[in-house]
Each structure stands twice: as structure tokens, then as C-alpha cells.
Amino acid sequence: MGTGCHHNLSRLIHGSVDTHLAAAQELGFSPDGTNDKGEAVYMSTHHGGVSLGVELHKAKPGQQTGIDHLSFEVEDVDLAFREAKYLGIPFEIDPRTGTRSGRRIANFRDPDGVLLQFSRKVSRADYEDWK
């Protein structure tokens, strides 16, 4: 289902985004930008030819913290969607393009209920340049 996966992890956190941001920077992540007045931070790294992106989002009241979803960047979201549908995988979100992230996405769940996503960056995102 496409070649060259870029893996992305979205994590909901308690408290200060800055604390988690500092820890991620120590692991080699660089901030790409922010959303939600700095309460969502987009970061990435490219160690050993493997791309990894992390989004930190401040949890809203009552929202469970931890990993929200795993995203796999594919060459063609629509093709990956059609192939997975053919294999019988049900989707929660059919392919669509979002302006917040600038990505085309399609969401589904693994057998354990973990939210997974096919994604591809297709345009500039709404997030601001890093401060």
C-alpha cells in the first residue's frame, strides 16, 4: 500500500505542552509549527532515513490522555483506502483533505480498536510558523 512510510504519532497530554516539547527536542525532534494558540505542536525527525512525526495536543477537559492515533504516510491515500476497503477493512473516515494539517487522510481501527490513519501531506497547513 504505497512505498516509503512516514510514521506519525498523535499524543494527547496533560498540562504543559512546553514540558513535553522539551523532552521531544532532547530526542532529536524539531518543531515544525503550532495550532490552537500553541496548545498543539507539530514536530518531525529523520534519523537513519526513517521519518517520524509527533503531534502534541493538550487534552480537553474529560478527554483521555495518551496516544490518540498512529498515522502512516503513504504515496496515495485514495489508493491505500481502496486497497484496504477491498480487503474488508471498514473505515471511520473516508479520504478527505484537512487544512489544519495540510494532509489528506483516511481513518480506520485495528482489531484492538487502535485508531490508525493513512495520510499524505498535500498542501501547506494552517499551523503557524514556530515561535
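# A tour starting at Leu116

Select Leu116 first. Leaving aside residues up to four places away in sequence, Leu116 touches Leu70, Phe72, Ala106, Asn107, Phe108, Arg109 and Asp110. The model on your screen is predicted. Leu116 sits in strand β8. Is Leu116 buried or exposed? Its relative accessible area is 12%, and buried means under 20%, so Leu116 counts as buried. Now add Glu92 to the selection. Glu92 is 24 residues from Leu116 along the chain, and the C-alpha atoms of the two are separated by 9.9 Å.

**The whole chain**

Zoom out and colour by secondary structure. The chain has two helices and eight strands. Following the sequence, the order is β-α-β-β-β-β-α-β-β-β. The chain has 131 residues, and 38% of them count as buried. Among contacts with a separation of 6 or more, 53% are between residues 24 or more positions apart.

Next, colour by pLDDT. The average over the chain is 79, and 80% of the residues score at least 70. Which elements have the lowest and the highest mean pLDDT? The lowest mean, 63, belongs to strand β1 (residues 6–13), and the highest, 96, to strand β6 (residues 91–97).

**The nonpolar cores**

In soluble globular proteins, nonpolar side chains tend to be buried together. To see the largest nonpolar core here, select Val74, Val77, Ala80, Phe81, Ala84, Phe91, Ala106, Phe108, Leu116 and Phe118, which are its 10 residues. Helix α2 (77–86), strand β7 and strand β8 each supply at least two residues of this core. Which element gives the largest share? Helix α2 does, with four residues. Leu116, the starting point of the tour, is one of the residues in this core. Two of the residues that Leu116 touches, Ala106 and Phe108, are also listed in the core.

Keep that selection and look for the other group. Another core, of eight residues, lies apart from the largest one; Leu21, Ala24, Val41 and Val54 are among its residues.

**The salt bridges**

Side chains of opposite charge can pair when their charged atoms come close. How many salt bridges does the structure hold? There are four.

Select Glu73 and Arg120. Their side chains form a salt bridge, with a distance of 3.1 Å from N to O. Glu73 belongs to strand β5 (residues 66–73) and Arg120 to strand β8, so the pair ties together parts that are 47 residues apart in sequence. Show the accessibility of each residue. Glu73 has a relative accessibility of 15% and counts as buried. Arg120 is partly exposed, at 26%.

Move on to Asp78 and Arg104. The side chains of these two meet in a salt bridge, and the N to O distance is 2.9 Å. Asp78 is in helix α2 and Arg104 in strand β7, 26 residues apart, and the pair links these distant parts of the chain. Asp78 counts as partly exposed at 25% relative accessibility, and Arg104 also counts as partly exposed, at 22%.

Now return to Glu92 and add Arg109. Glu92 forms a salt bridge with Arg109, and the closest N and O atoms are 2.5 Å apart. Glu92 lies in strand β6 and Arg109 in strand β7; the two are 17 residues apart, and the pair links distant parts of the chain. Glu92 is partly exposed, with a relative accessibility of 48%. Arg109 is partly exposed too, with a relative accessible area of 40%. Arg109 is also one of the residues that Leu116 touches.

Add Glu75 to Glu73 and Arg120. Salt bridges with shared partners join Glu73, Glu75 and Arg120 into one network.

**The surface**

Switch to a surface view. The accessible surface of the chain is about 7800 Å², and 52% of this belongs to carbon and sulfur atoms. Which residues make a nonpolar patch of about 230 Å² on the surface? Select Ile67, Leu70 and Val114 to see the patch. Val114 is in the loop between β7 (103–109) and β8 (115–121). Its relative accessible area is 34%, so Val114 counts as partly exposed. Leu70, another residue of the patch, is one of the residues that Leu116 touches, which brings the tour back to its first selection.

Terms used: Residues numbered from 1 in each chain as written. Heavy atoms only, no water. Buried < 20%, exposed > 50% of the residue type's maximum accessible area, 1.4 Å probe, protein only. Contact = heavy atoms within 4.5 Å. Areas by Shrake-Rupley, 256 points an atom, 1.4 Å probe, with all protein chains shown as cover. Patch = residues over 30% accessible without salt bridge, like charges linked within 9 Å, V, L, I, M, F, W, Y side chains within 5 Å. Core = buried A, V, L, I, M, F, W, Y, C linked by side-chain atoms within 4.5 Å. pLDDT = per-residue confidence, 0-100.
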